[in-house]
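Please read these notes with the structure open beside you. Take the points in order.

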Amino acid sequence: MPEHADFRALYLSEIGVHTPLPVDGDDSSNNISDEIKPEGAVAAPSPILSESVPTSPSATSSADTAVDGNRLDDLAVQASSCTACQLSEQRTRVVFGIGNPEADIVFIGEAPGREEDLKGEPFVGRAGQLLDRMLAALGMDRSEVYIMNTVKCRPPNNRDPRPDEVEACSRWFDAQLKALSPKIICLLGRVSAQTVLETDQSLSVLRRNWHDYHGIPVQVIYHPAYLLRSPQQKRHVWSDLCELKRRYDALLP
Ligand code: SF4
């Protein structure tokens, strides 16, 4: 596996950046282009998350999988046998999350894909490798952050999770974020952003501003899988990553 610095150099070279991570005042951060196309069609908002993070399943949750306790590893064990929605029928493994349980920053995608389903780990394969390079460009690696999805089981044919599936899985999502208690959240891609922020705004709009999730600052960036299909957007993601790094550093003691 390449060294940390190699990943960083690789991502930066991909986007034609040959200077160190810029700080405040990076001109490129103002270059949020009108040419950016939204990531797919605008979807209806999903009813994922309640107003407050619950400590127990909601009354509308299926009763077959109760969330007990708030330790991440305990939650992962409980979730591994969850059958609260139809996604349990075709999954290989529940993909709960990975990374540092003490992380100050959490990256959230939408749902596992085929490779994630097989391995039981979020963001593997080519999109995961690109995410690693994006993290390295920030001076981070997976041991310093936490990575998860809004929904823990793979939707068939990589379709978007349905609202009822998002609702069912919110028991794990809510408990997971409560256990993590991050200082900052980065949402990866349109589906994750629209789900967590409960909005139907396009990603090209959402990425222009900071958002709030129960008092936690939230940034939205393009999903690595989208960047693989649209590599011209990597340069714009670089400006978003610089802004994320600036805010992250400012939040730390
Ligand atoms: S997607 Fe979530 S709620 Fe549905 S079966 Fe998997 S873990 Fe349970």
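1. Start with a term. A residue counts as exposed if 12 or fewer other C-beta atoms lie within 10 Å of its own, and as buried if there are 20 or more. Keep in mind that this is a predicted model.

2. Is Asn-157 buried or exposed? Asn-157 has 7 other C-beta atoms within 10 Å, so it is exposed. Find Asn-157 in the loop between β3 (146-149) and α5 (163-180). Its phi is positive, about 55°, although Asn-157 is not a glycine. Most residues other than glycine have a negative phi.

3. Asn-158 lies in the loop between β3 and α5 too. Asn-158 also has a positive phi of about 55° without being a glycine. With 13 other C-beta atoms within 10 Å, Asn-158 is partly exposed.

4. Now the ligand. How many residues surround it? There are 15, and the closest are Cys-82, Cys-85, Ser-88, Cys-153 and Cys-169. Helix α5 gives the largest share of this shell, four residues. By class, the shell has 11 nonpolar, two polar and two charged residues.

5. Next, the sheet. It is open, has six strands and shows mixed pairing. The strand order is β1-β3-β2-β4-β6-β5. At the edges are β1 (98-99) and β5 (211-213), each pairing on one side only.

6. Look at one pair inside the sheet. Strands β4 (residues 184-188) and β6 (residues 216-221) run parallel and are joined by four bridges. Leu-188 stands opposite Ile-221 in β6.

7. Finally, helix α6 (residues 190-197) lies across β2 (105-109), β4, β5 and β6. The helix runs at about 130° to β4.

How values were computed:
Residues numbered from 1 in each chain as written. Predicted model: local features only at pLDDT ≥ 70, side-chain atom pairs only at ≥ 80, totals over all residues. Helix = DSSP H or I, 4+ residues; strand = E, 2+ residues; numbered from the N terminus. Near = placed C-beta within 6 Å. Nonpolar A, V, L, I, M, F, W, Y, C, P; charged D, E, K, R; others polar. Pairing = 2+ DSSP bridges. Contact = placed C-beta atoms within 7 Å. Axes fitted to C-alpha atoms, helices over the stretch in contact; angles between N-to-C directions.
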